[in-house]
Amino acid sequence: MNPYPALGVRRVINADARLTRLGGSCMPAPVLDAMRAAACQYVDMFELQQAVGERIATLTHNEAACVTTGAAAGLFLSTLACITGPDPTAVARMPVRDGLRHEVLLQRSQEFAYLPAIPLAGATLTRIGSEPEMHPAELEAAINDETAAVLFVAGAHMAPGALPLDEVVDIAHARGVPVIVDAAAQLPPPENFWHFTRDLGADLAIFSGGKDLQGPQASGIVVGRPDLVDACRMHAAPHARLARPMKVGKEEMLGVLAAVEWYLALDHTARIAGFERTVAQWIDAFNAVPGLHAEREFPNEAGQPMPRCRVTLDAALGLSADAAVARLWDGDPRIAVKTSGEHGLSLTPDTLAHSDEADIVQQRVIDLVRASA
Ligand SMILES: *Cc1c(COP(=O)(O)O)cnc(C)c1O
């Protein structure tokens with residue numbers, strides 16, 4: 001049964017990205033089955049969070065892990081954990097941070113949208129370095145007695161010039177300061193589950209459950225150092241502490257665990273080859289239409305190693321990218337795509353949910369152009 005028509009809510013074909021405002025992702029059957037099974041029994045939630053964390057840690061080759069309500073919540077919890085450590089008195093006192101290190105450093109070139117989670121956790125966010133290039137000495141000089149953590153935002157889509165993670169880790173660790181990596185959208189490849197922590201030495205890494213992992217939308221994972229992961233758990237529900245408003249249900253815990261198992265077993269090479277075929281199909285179809293020029297983009301806007309199709313709308317069409325996006329969105333079903341400059345659209349294959357959607361997107365773009373020509 002489809003519950004949406006009765007509510008007057010239109011279907012969206014997502015050729016844009018795994019976005020919270022579009023509902024995250026569509027969960028595969030093993031995740032849905034795990035959530036349904038989880039829903040039908042009471043458990044001790046402390047025991048469950050511990051057990052699921054241990055299982056995810058083993059699967060992802062990390063020492064410890066915990067489940068959150070998303071990557072933004074992971075940023076919030078990781079920040080709190082770096083301020084208090086696993087000290088029950090400090091945890092209970094937050095957001096009063098007197099006497100605790102409470103400054104989080106961020107390289108200026110890594111500015112991103114989810115930063116409000118840092119001050120929400122009682123930390124002071126300090127932007128450091130000069131754009132476009134950061135020098136090691138700038139990080140060395142910025143670390144002081146108030147520094148609780150250095151935050152690093154991972155991804156091939158980030159502006160160049162940031163100090164690389166291994167250097168950040170060396171400098172921070174020499175001063176006893178932990179490094180948090182926001183890797184919310186850095187899957188695939190699945191190896192990133194352990195790359196930032198086990199391979200590059202970061203103390204904590206954060207992943208979104210509702211992006212390519214295709215777990216519950218309101219889920220995320222923090223992996224890394226056992227004492228800091230313990231501290232994350234101490235701030236969170238079922239404790240009545242600062243992160244209690246971000247409680248994780250038993251359904252999300254088992255859902256994201258099932259998603260990790262499913263994701264690690266996927267043949268990502270074959271999956272990405274499928275996305276390449278969709279992009280090639282789009283390119284051929286669009287290049288056959290007067291007024292359109294299409295090409296392959298790689299990596300995508302989140303820095304993931306997956307292709308997209310960029311379509312340029314000929315100026316003679318008199319159709320701006322904004323107008324095209326608005327018209328695709330206003331149809332039924334709605335079609336979500338990104339603008340790429342004033343005259344371009346970016347179409348994403350990996351977010352499509354059903355096998356007929358690539359053709360529908362293609363036809364709607366072509367119809368739109370024909371109507372303008
Ligand atoms: C998507 C994203 C987030 C937020 O993830 P949620 O799971 O939706 O909370 C945080 N950081 C980065 C870099 C992201 O791409």
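Let's start with the cysteines: a search through the whole structure turns up 0 disulfides. Take cysteine 232, which is in no disulfide, its nearest cysteine sulfur being that of cysteine 66, 4.6 Å away. A disulfide needs the two sulfur atoms within 2.5 Å, so a pair at that distance does not count. Keep in mind as you look around that this is a predicted model. Cysteine 232 has 0% relative accessibility, so it counts as buried. The value for cysteine 309 is 0% too, and cysteine 309 is likewise buried.

Now move to the ligand. Which residues surround it? Going along the chain, you meet Thr20, then Gly70, Ala71 and Ala72, then Phe112 and Tyr114, then Asp182, Ala184 and Ala185, and finally Ser208 and Lys211. Sorted by character, this shell splits into 6 nonpolar, 3 polar and 2 charged residues. Some of these neighbours have N or O atoms that sit at short listed distances from ligand oxygens. Alanine 71 does it through its backbone, with an N or O atom 2.7 Å from an oxygen atom of the ligand. Alanine 72 also uses a backbone N or O atom, this one 2.9 Å from a ligand oxygen. With lysine 211 the side chain is involved: an N or O atom there is 2.7 Å from an oxygen atom of the ligand. How much of the ligand does the protein cover? On its own the ligand has 380 Å² of accessible area, and the protein covers 85% of that.

From here, have a look at helix H8, which spans residues 192-199. Its buried residues are Asn192, Phe193, Trp194, Phe196 and Thr197. What lies over them? The cover includes helices H2 (45-59), H7 (165-174) and H10 (250-265), along with strands E6 (179-182), E7 (204-208) and E8 (220-224). Just past the end of H8 you come to glycine 201, where phi is positive, at about 85°.

The loop leading up to H8 is worth a stop as well. Proline 189 sits in it, between E6 and H8, and the peptide bond that reaches it from proline 188 is cis, with omega near 0°. There is another cis peptide bond to find, joining methionine 94 and proline 95 with an omega of about 15°. Look for proline 95 in the loop between helix H4 (88-93) and strand E3 (103-107).

While you're touring loops, check the backbone at histidine 61. This residue is not a glycine, yet its phi is positive, at about 55°. You'll find histidine 61 in the loop between H2 and strand E2 (64-68). Is histidine 61 buried or partly exposed? With a relative accessible area of 39%, it is partly exposed. Glutamine 214 also has a positive phi without being a glycine, near 60°. This glutamine belongs to the loop between E7 and E8, and at 11% relative accessibility it counts as buried.

One last stop is glutamine 362, in helix H13 (residues 357-372). At 15% relative accessibility, glutamine 362 counts as buried, because the cut-off for that is under 20%. Which residues does it touch? Leaving aside those up to four places away in sequence, glutamine 362 touches Gln281, Trp282, Ala285 and Phe286. With glutamine 281 there is a polar contact, side chain to side chain, at 2.6 Å.

Notes: Residues numbered from 1 in each chain as written. Predicted model: local features only at pLDDT ≥ 70, side-chain atom pairs only at ≥ 80, totals over all residues. Heavy atoms only, no water. Buried < 20%, exposed > 50% of the residue type's maximum accessible area, 1.4 Å probe, protein only. Helix = DSSP H or I, 4+ residues; strand = E, 2+ residues; numbered from the N terminus. Polar contact = N/O pair within 3.5 Å; in protein donor to acceptor, adjacent residues only side chain to side chain. Contact = heavy atoms within 4.5 Å. Near = heavy atom within 4 Å. Areas by Shrake-Rupley, 256 points an atom, 1.4 Å probe, with all protein chains shown as cover. Nonpolar A, V, L, I, M, F, W, Y, C, P; charged D, E, K, R; others polar.
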